[in-house]
Amino acid sequence: MVKKVLHSITGKTPYSRKIFIFLIFLAIATIVWFVNELSLEYVSDFRCQINTQNSANKDAQRLTTLEPVDMKVKTRGFLLVYNRLSLPEIEIDTKNYRVNKHPDHPNIHYIIINGALRNDITSKLDQDVKVESFASDTLFLKPLKK
């Protein structure tokens with residue numbers, strides 16, 4: 001039906017060679033534009049899972065965050081897309097940090113995020129990722145299941 005209407009208006013088939021070439025160049029231009037936009041820097045929300053270990057005490061229980069940690073990061077668009085497709089895991093050493101037990105829940109621990117911990121987390125991320133801020137000032141941790 002549509003082909004007949006277009007053929008009657010233009011006198012040609014709707015999928016002529018010119019239209020095909022136009023669509024190919026439109027697709028190429030769209031891909032080039034998308035790659036160019038991803039090369040710019042953006043500030044965006046970022047989620048990651050944080051696991052802990054204590055190198056000073058090998059028998060210490062390994063812990064992980066209750067929920068993925070939300071933070072604001074500044075980085076290139078390529079890294080944002082990559083990290084949105086997979087939830088990255090960060091391993092930090094807690095020998096220099098005070099891990100407290102939650103008073104109401106015996107299996108829950110917490111660490112207050114300070115400058116040293118912020119720098120430690122930032123150093124574990126890709127070198128082009130800069131942490132702007134954390135959504136929370138406390139990491140709540142639970143035992144890591146083996």
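**Exercise 1. Determine whether Ile108 is buried or exposed, and find what surrounds this residue.**

Step 1. In this predicted model, Ile108 has a relative accessible area of 16% and is therefore buried, where buried means under 20% relative accessible area, exposed means over 50%, and partly exposed lies in between (1.4 Å probe, protein chains only).

Step 2. Ile108 sits in the loop between β5 (100–101) and β6; helices (H or I, at least four residues) and strands (E, at least two) are DSSP runs, numbered from the N terminus.

Step 3. Leaving out residues up to four places away in sequence, Ile108 touches Leu66, Asn100, Lys101, His102, Phe140, Leu141 and Lys142, a contact being heavy atoms within 4.5 Å. For one of these, Lys142, the C-alpha atom is separated from that of Ile108 by 5.1 Å, although the two residues are 34 residues apart along the chain.

Two notes on the basis of these values follow. Residues are numbered from 1 along each chain as its sequence is written, and side-chain values use heavy atoms, with hydrogens and water left out. Because the model is predicted, local features need pLDDT of at least 70 and side-chain atom pairs count only at pLDDT 80 or more, whereas totals for chains, interfaces and linings use all residues.

**Exercise 2. Find how many aromatic pairs the whole structure holds, and describe what is found.**

Step 1. The search finds one aromatic pair, where rings of Phe, Tyr and Trp (its six-membered ring) pair if their centres lie within 6.5 Å, and planes under 30 degrees apart count as stacked, over 60 as edge-to-face and the rest as tilted.

Step 2. The partners are Tyr110 and Phe140, whose ring centres are 6.3 Å apart and whose planes stand at 45°, so the pair is tilted.

Step 3. Because Tyr110 belongs to strand β6 (residues 109–112) and Phe140 to strand β8, the pair ties together parts that are 30 residues apart in sequence.

Step 4. Tyr110 counts as partly exposed at 22% relative accessibility, and Phe140 counts as partly exposed at 35%.

**Exercise 3. Identify which residues have the most contacts inside the largest nonpolar core, and which elements supply this core.**

Step 1. A nonpolar core is a set of buried Ala, Val, Leu, Ile, Met, Phe, Trp, Tyr and Cys residues joined through side-chain atoms within 4.5 Å. The largest has 22 residues, and those with the most contacts inside it are Ile50, Met71, Leu117, Ile121 and Leu139.

Step 2. Two or more residues of this core come from each of β1 (41–53), β3, α3 (77–85), β4 (89–93), α4 (115–124), β7 (130–134) and β8.

Step 3. Taking Leu117 as an example, and leaving aside its neighbours within four places in sequence, this residue is in contact with Ile92, Tyr97, Ile111, Ile112 and Leu139.

**Exercise 4. Place Ser133 in the structure and list its contacts.**

Step 1. Ser133 lies in strand β7 and is partly exposed, with a relative accessible area of 30%.

Step 2. Apart from neighbours within four places in sequence, Ser133 is in contact with Met71, Lys72 and Arg118. Between Ser133 and Arg118, which are 15 residues apart in sequence, the C-alpha to C-alpha distance is 8.9 Å.

**Exercise 5. State how many helices and strands the protein has, and in what pattern they follow along the sequence.**

Step 1. There are four helices and eight strands, and along the sequence they follow the pattern α-α-β-β-β-α-β-β-β-α-β-β.

Step 2. Of the 146 residues of the protein, 28% count as buried.
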